[in-house]
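The following exercises concern a predicted model. Please study the sequence and structure shown below before working through each solution.

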Amino acid sequence: MKALAFPILLLVLVACTEANVGKPQSVGEPYDVTLVATDKRLLKTVSGMMGVTMAGLPQEERLFTVKTAKGKEVNAATMYERTIVVVRRQDGNTRIRYERNPYARDQLLVFIDTPSAEALRADSAKTAKALQRLIDQFETRVAMNHDRQNHNLKLMRTVEKTIGCNITIPSDIRASKTGKDFVWISDNGTRTMRNICIYAVNGIRTSQEEIVSLRDSVMAANIKGEREGMVMRTERRADVMFSRHGKAIVARGLWHMEGDAMGGPFVSVTLPDSARNRTLTAEAFVYAPSTTKARTMKRLEAVLYSLDIE
């Protein structure tokens, strides 16, 4: 079991040491969370921590789906759930510990120990940040492992040949279009259309404004609408948010089709390729006007994190 102390909230998940042979698959969808506690106040406080909305979407959407179960520990009714959070009264400071795959494959078991409901509320900001990140890292790792086992080798070779980089493409995304140092991959979905673009440009361009301007120029040149002048643009009226994932720069925001009503969210991962004096970007964007998008975007974001300089 691994422990998280608040001075090291950003601890990355390590490989599981327990064998998964003979264990059943966990039950539930990504970002489903089951809370277990005997104290209703503890359940309410932790449930509130899971009520955050996901950034970078055109409308407010909650990422986590939470259900509660009364009890002191995991039991037969909860032991195969995907993510289980057990909240317990324990002496000392509020702290988080976790295990991966204790009862099933693709499972996360989290213990939040706290001396009282009042102490948990006082620590709620730190605890929420640690808990949300822990679950997000777990789901990203599960998604990336799934893609490594179920990938589209043909499209991965197309990217390698066209761009000169590696990225794991899920097996259920099959359509593609190539351009100069550009590959567009899509599932051509009707209700929700998932898209991944990988492109390279000369020079190292990693400032925030350069990344957005580069995105606009590359997308305008390669993704066009039905009529002349219809091109994809970054929605500048909404904030583009930036963060880091290792050496990569992550940008997330909204896109729109100029001259049309189409639009939606995007997320991109940019890597400097100093050896070739170029900049690599992998981007995912979704068009799903009548459906929720939070989990779809998170799933595609996990794909982008497999981008690797050849």
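**Exercise 1.** Determine how closely the axes of helix α3 and helix α6 come, at what angle they cross, and which residues make the contact.

*Solution.* Begin with the geometry: the axes of α3 (residues 124–149) and α6 (residues 294–304) come within 9 Å, and they cross at roughly 65°. Next, take the handedness: the crossing of α3 with α6 is right-handed. Then list the participants. On α3 the contact is made by D136, T140, A143, M144, H146 and D147; on α6 it is made by K298, R299, A302 and V303. Finally, classify the residues of this contact: four are nonpolar, two are polar and four are charged.

**Exercise 2.** Describe the largest nonpolar core, and state which residues have the most contacts inside it.

*Solution.* The largest nonpolar core has 62 residues. Those with the most contacts inside this core are V85, V110, I112, L131 and I198. The element that gives the most to the core is α3, with nine residues. Now examine I198. Neighbours within four places in sequence are set aside; the remaining contacts of I198 include V159, I163, C165, I167, F182 and L307. Another core lies apart from the largest one and has 15 residues, among them F182, Y199, L214 and F266. As general background, nonpolar side chains tend to be buried together in soluble globular proteins.

**Exercise 3.** Establish which residues of helix α1 are buried, and where they lie around its axis.

*Solution.* First, identify the buried residues of α1 (residues 40–49): L42, L43, T45, V46 and M49. Second, consider their arrangement: these residues lie on the same side of α1 because they cover an arc of only 165° around the axis. Third, look at the face turned away from the buried side, which carries the exposed residues K40, K44 and G48. Last, find the cover: the elements over the buried residues of α1 include β2 (32–37), β3 (65–70), β4 (83–89), β6 (108–114), α2 (117–122) and α3.

**Exercise 4.** Y31 and N277 each have a positive phi. For each residue, decide whether it is buried, partly exposed or exposed.

*Solution.* Take Y31, in the loop between β1 (2–4) and β2. Its phi is near 70°, a positive value in a residue other than glycine. The relative accessibility of Y31 is 4%, so this residue counts as buried. Turn next to N277, in the loop between β14 (263–273) and β15 (278–287). N277 is not a glycine either, and its phi is about 50°. With a relative accessible area of 46%, N277 is partly exposed.

Terms used
Residues are numbered from 1 along each chain as its sequence is written. This is a predicted model: local features need pLDDT of at least 70, side-chain atom pairs count only at pLDDT 80 or more; totals for chains, interfaces and linings use all residues. Side-chain values use heavy atoms; hydrogens and water are left out. Axes are lines fitted to C-alpha atoms, for helices over the stretch in contact, and angles run from 0 to 180 degrees between N-to-C directions. Helices (H or I, at least four residues) and strands (E, at least two) are DSSP runs, numbered from the N terminus. A crossing is left-handed if the near helix is turned anticlockwise from the far one by less than a right angle, and right-handed if clockwise. Contact means heavy atoms within 4.5 Å. Ala, Val, Leu, Ile, Met, Phe, Trp, Tyr, Cys and Pro count as nonpolar, Asp, Glu, Lys and Arg as charged, and the others, Gly among them, as polar. A nonpolar core is a set of buried Ala, Val, Leu, Ile, Met, Phe, Trp, Tyr and Cys residues joined through side-chain atoms within 4.5 Å. Buried means under 20% relative accessible area, exposed over 50%, partly exposed in between (1.4 Å probe, protein chains only). The arc is that of the directions from the helix axis to the C-beta atoms.
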